[in-house]
There are 2 protein chains.
Amino acid sequence: MAKEFLIPNWETIDFEKYFLPSVAIDTVIFGVHENALKVLLMQYKYTGAFALPGGLISRDENLYDSAQRILTDRTGLPQMYLEQFFTFGDQGRSDPHFLKQILAAKGITLPKDHFLFRRSISVGYYALVDFTKVIPKPDVLSETCQWYDLIALPALIQDHTQIIAKALETLQEHLDKRLIVFNLLPEKFTMAELQTVYETVLQSKLLRTSFQRKMVNLGILEKVEKKHTGKAHKAPYLYKFLSRK
Amino acid sequence: MAKEFLIPNWETIDFEKYFLPSVAIDTVIFGVHENALKVLLMQYKYTGAFALPGGLISRDENLYDSAQRILTDRTGLPQMYLEQFFTFGDQGRSDPHFLKQILAAKGITLPKDHFLFRRSISVGYYALVDFTKVIPKPDVLSETCQWYDLIALPALIQDHTQIIAKALETLQEHLDKRLIVFNLLPEKFTMAELQTVYETVLQSKLLRTSFQRKMVNLGILEKVEKKHTGKAHKAPYLYKFLSRK
DNA sequence: ACAAAAGTGTTAGCCTTACACCCATGA
DNA sequence: TCATGGGTGTAAGGCTAACACTTTTGT
């Protein structure tokens, strides 16, 4: 339910009947491409404002499942690594300015205190995805849904810049503790690629030789075969993640 | 506002006017007493059911401030160490059974789909307090507000047992990373007392000599004076936490 | 053969584990 | 002086930083 629910008559639909009021979900979708950490953002229709993918929680849906659904809608992936990281609830954070503008441009007018305009708490989830497998898809409010480099983000609506910052912080803390990097990579990868992901996420340079040893010593990598790049140097090995140790 | 707001006419008060619907806060208040980790629980009137302190979010209040207010109401402390740890949003988690029973016993009848009976998401905060400074105070729904040993908790309503488990898990992760143990202790304490707190929180024995060195090497402790216990052994030093390094 | 990148060896330092030992205290 | 608990010394092991070195590849 609710997948492309938002398309029909805004004026007549009873949002309260299907969705929980005053709560929403915002998602930060991380992907790696060309040695850079990327985030999936939507650009709103008419206004050109940038925002994180997000959505409402169905009354008959668990919170986690809501996040999963929203992420599937935007990425096309049936499932992905997904983690709740923080809930944002400052008073000033809900600013219906852009939504009102978009609806006005569509010729839709809703009452001032409409469900969609009221203050809401937002539960933040971050997702790690294989960049190459994602097919970004805008929602009804947005013109585009595209990857943006984390170090060159456009201005975002509301508190979405802070939400991304907090997501990154959490990801950095989780990176070593849980073994989750592999969600950002294709099945097979070189040690250099793995290191680059670490470096872009942690935003710091790591020693090549120490990194190699550390990863190998974790005992979760399997050497697969050599990858001949055609370059004038030793061919690197490809590694695979051992799913269950 | 909203402090003892819940006392008067349940039937006539417009909850939606003052509080956000479908969101609540639950708090896990940790304290240490007699070498044991304790949690503050309320016991509901009439039903005898046990629950975590919690409450609603005022429309004009930041999320964090709501949690602070709820905690001040239950402990009497104007402020305390406070951290958001998770947001719980499974469908089945809201069970208005006990609330309905209590209201029925009071002779209050509210419509079946009343604000207070609907499914809600709950934002979890944990607090660390100095046990000796807390003056527990029940809310309007509860008969008592008391400390319970973490390893001998009574059965709790809804998903409150899981909420406590998640809070403890988070506290364990934060214990070494942030320097927060001191919120559970009085100003001056012996190394043995500090170690006991670590052991009860982490639920594992630690080596006395290594622990001593580790704590001292952190450089955040100040040796104050000796504490003569009257026991037949060397008097331990009292230590103080250096607030800002 | 040579440059460039991948991989291995080696040493030093730090932190933890483990346990031995000394110190202070009141019975 | 002895039992008890507090505090320090010391050695082994694991992990990381730092850097030297070897290996493999295509030009």
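Two residues are in contact here if their C-beta atoms, placed from the backbone, lie within 7 Å. With that cut-off, residues 24 or more positions apart account for 74% of the contacts in chain A with a separation of 6 or more. The model shown in these views is a predicted one.

**View 1. Chain A on its own, with six helices and ten strands.** Along its principal axes, the C-alpha atoms of chain A fill a box of roughly 65 × 35 × 30 Å. Of the 245 residues in chain A, 31% are buried. The domain assignment splits the chain into domain 1, residues 15-180, and domain 2, residues 185-244.

**View 2. Where domain 1 of chain A meets domain 2 of chain A.** The C-alpha centres of these two domains are 31 Å apart. Ten residues from domain 1 are in contact with eight from domain 2. On the domain 1 side, strand 2 (36-44) and helix 4 (160-177) are the elements that give two or more residues. Helix 4 gives the most, with three residues. Sorted by class, this side of domain 1 has six nonpolar residues, three polar ones and one charged one.

**View 3. Inside the largest nonpolar core, which has 104 residues.** Which members touch the most others? They are Val28 and Phe30, in chain A and again in chain B: Val28(A), Phe30(A), Val28(B) and Phe30(B). Zoom in on Phe30(A) and leave out residues up to four places away in sequence: Phe30(A) then touches Leu37(A), Val39(A), Tyr126(A), Ala127(A), Leu128(A), Leu171(A) and Leu184(A).

**View 4. Chain A against chain B.** Each chain puts 18 residues into the contact. From chain B, strand 5 (81-88) and strand 6 (121-128) each supply at least two residues of the side that touches chain A. Strand 5 of chain B has the largest share, with three residues. That side of chain B divides into seven nonpolar, six polar and five charged residues. Why can we say that the copies meet through the same surface? Because 100% of the interface residues of chain B are also interface residues in chain A.

**View 5. One copy laid on the other.** Give chain B a turn of 180° and a shift of 0.0 Å along the axis, and chain B can be laid on chain A with an RMSD of 0.0 Å. The two copies are therefore related as by a two-fold rotation axis.

**View 6. The surroundings of DNA strand C, made up of 21 residues.** Thr209(A), His233(A), Tyr237(A), Thr209(B) and Ser210(B) are the closest. Helix 5 (191-202) and helix 6 of chain A, along with helix 6 of chain B, each supply at least two residues of the surface near this strand. Helix 6 of chain B has the largest share, three residues. By class, the surface near DNA strand C has eight nonpolar, nine polar and four charged residues.

**View 7. The surroundings of DNA strand D, made up of 22 residues.** Thr209(A), Lys234(A), Thr209(B), His233(B) and Lys234(B) come nearest. Helix 6 (208-218) of chain A, plus helix 5 (191-202) and helix 6 (208-217) of chain B, each supply at least two residues of the surface near DNA strand D. Which element has the largest share of that surface? Helix 6 of chain A does, with three residues. The residues near DNA strand D divide into eight nonpolar, nine polar and five charged.

Key. Residues are numbered from 1 along each chain as its sequence is written. Chains are lettered from A and ligands numbered from 1 in the order in which they are written. This is a predicted model: local features need pLDDT of at least 70, side-chain atom pairs count only at pLDDT 80 or more; totals for chains, interfaces and linings use all residues. A nonpolar core is a set of buried Ala, Val, Leu, Ile, Met, Phe, Trp, Tyr and Cys residues joined through C-beta atoms within 7 Å. A residue is buried if 20 or more other C-beta atoms lie within 10 Å of its own, exposed if 12 or fewer, and partly exposed in between; C-beta atoms are placed from the backbone. A residue is near a molecule or strand if its C-beta atom, placed from the backbone, lies within 6 Å of it. Helices (H or I, at least four residues) and strands (E, at least two) are DSSP runs, numbered from the N terminus. Ala, Val, Leu, Ile, Met, Phe, Trp, Tyr, Cys and Pro count as nonpolar, Asp, Glu, Lys and Arg as charged, and the others, Gly among them, as polar. Domain bounds come from an automatic or database domain assignment. Copies are superposed by least squares on the C-alpha atoms of residues with pLDDT of at least 70 in both.
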